[in-house]
Amino acid sequence: MKKVLFILSLLLLVGCKSKTGGNKTEDLKISKVLATEVDNSQQKKAYDLGKRVLLTCNTSKFKPFNETEVTPSVMANTTEERLTKTCQKFRQWYGGFKDLKLDGVYKTKHETIYRYRALYEKKVANKELRVYVNEDNLISAIKSLDWDETFESKLIEK
C-alpha cells in the first residue's frame, strides 16, 4: 500500500525543479509567514490551480494550464491522461475530492509554498497538496504527499 501511495505521489508530481548551482544554505531556508503577509491574488491563484488539479479526480476533465499560470515544466508534466490515471486510484481509495484547506504559507529565498490539507469524502484520506509559486508569480511545482504532522518542526529557520 505504501509503495502504491509513493508511486502515486510521484505520478502526481507535476513540477520539475531544476538545480542551478550548488546547494547554498541560504536557498534551503524555509520560514513560515502569515497568510495575511502574502499577496491575495497569489494566494487565490495557488488555491484555484491546486483545486483544479484535484478536481480532475472527480470529473476526469482537466482544463490545461497556460503560460501565464505555470512554468513550462509544470505545463509539460500536467496532462489529462496522467492526472486521470492517478486520480482513478485516489478516488477509489479516498472517495471524491471535496476541497483544500490552507494549513500554512512558507517562504524560501525564491518561492512561496502554500501547504494545503486535501479533503476527501473518506476519512482515511490524510493527504496534502503543496503549491510552489516562484518569483515570477508562476506555479513552479504542485506536489501531492501524505500528510506530515511534523512538517514545521523540520523547518530551517532564518
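**View 1. Tyr94, a buried tyrosine in a predicted model.** Tyr94 is buried in this predicted model. Its relative accessible area is 5%, under the 20% cut-off, so Tyr94 counts as buried. Tyr94 also pairs with another ring, that of Tyr120. The two ring centres lie 5.4 Å apart, and the planes meet at 45°. That makes the pair tilted. Tyr94 sits in helix α5, whereas Tyr120 sits in strand β3 (residues 111–120). The two residues are 26 apart along the chain, so this pair links distant parts of it. Tyr120 is buried too, with a relative accessible area of 4%.

**View 2. Phe90 and Tyr94, an aromatic pair within helix α5.** Seven aromatic pairs are counted in the model. In one of them, Phe90 and Tyr94 have ring centres 5.4 Å apart. Their planes stand at 90°, so the pair is edge-to-face; over 60 degrees is what that name requires. Both residues belong to helix α5 (residues 80–94). They are four residues apart there, so about one helical turn separates them. Phe90 is buried, with a relative accessible area of 0%.

**View 3. One aromatic cluster.** Which residues form one aromatic cluster? They are Phe90, Trp93, Tyr94, Phe97 and Tyr120. Both pairs described above, Phe90 with Tyr94 and Tyr94 with Tyr120, join members of this cluster.

**View 4. Two arginines over Trp147.** Arg115 lies over the face of Trp147. Its distance from the ring centre is 4.0 Å. Arg117 also lies over the face of Trp147, at 3.8 Å from the ring centre.

**View 5. The largest nonpolar core.** This core has 28 residues. Phe65, Tyr114, Tyr120 and Val131 have the most contacts inside it. Helices α3 (40–59) and α5 each supply at least two of its residues. So much is also true of strands β2 (97–107), β3, β4 (127–134) and β5 (139–146). Which element gives the largest share? It is α3, with five residues. In soluble globular proteins, nonpolar side chains tend to be buried together.

**View 6. Tyr114 and its contacts.** Leave out residues up to four places away in sequence, and Tyr114 still touches many others, including Val38, Asp39, Gln42, Gln43 and Ala46. Leu102, Gly104 and Val105 are also among its contacts. So are Leu129, Arg130, Val131 and Val133.

**View 7. Another core.** Apart from the largest core lies another, of seven residues. Among them are Ile30, Tyr132, Ala141 and Phe151.

Definitions and conventions
Residues numbered from 1 in each chain as written. Predicted model: local features only at pLDDT ≥ 70, side-chain atom pairs only at ≥ 80, totals over all residues. Heavy atoms only, no water. Phe/Tyr/Trp six-rings, centres within 6.5 Å; stacked < 30°, edge-to-face > 60°. Buried < 20%, exposed > 50% of the residue type's maximum accessible area, 1.4 Å probe, protein only. Lys NZ or Arg CZ within 6 Å of the ring centre and 35° of its normal. Core = buried A, V, L, I, M, F, W, Y, C linked by side-chain atoms within 4.5 Å. Contact = heavy atoms within 4.5 Å.
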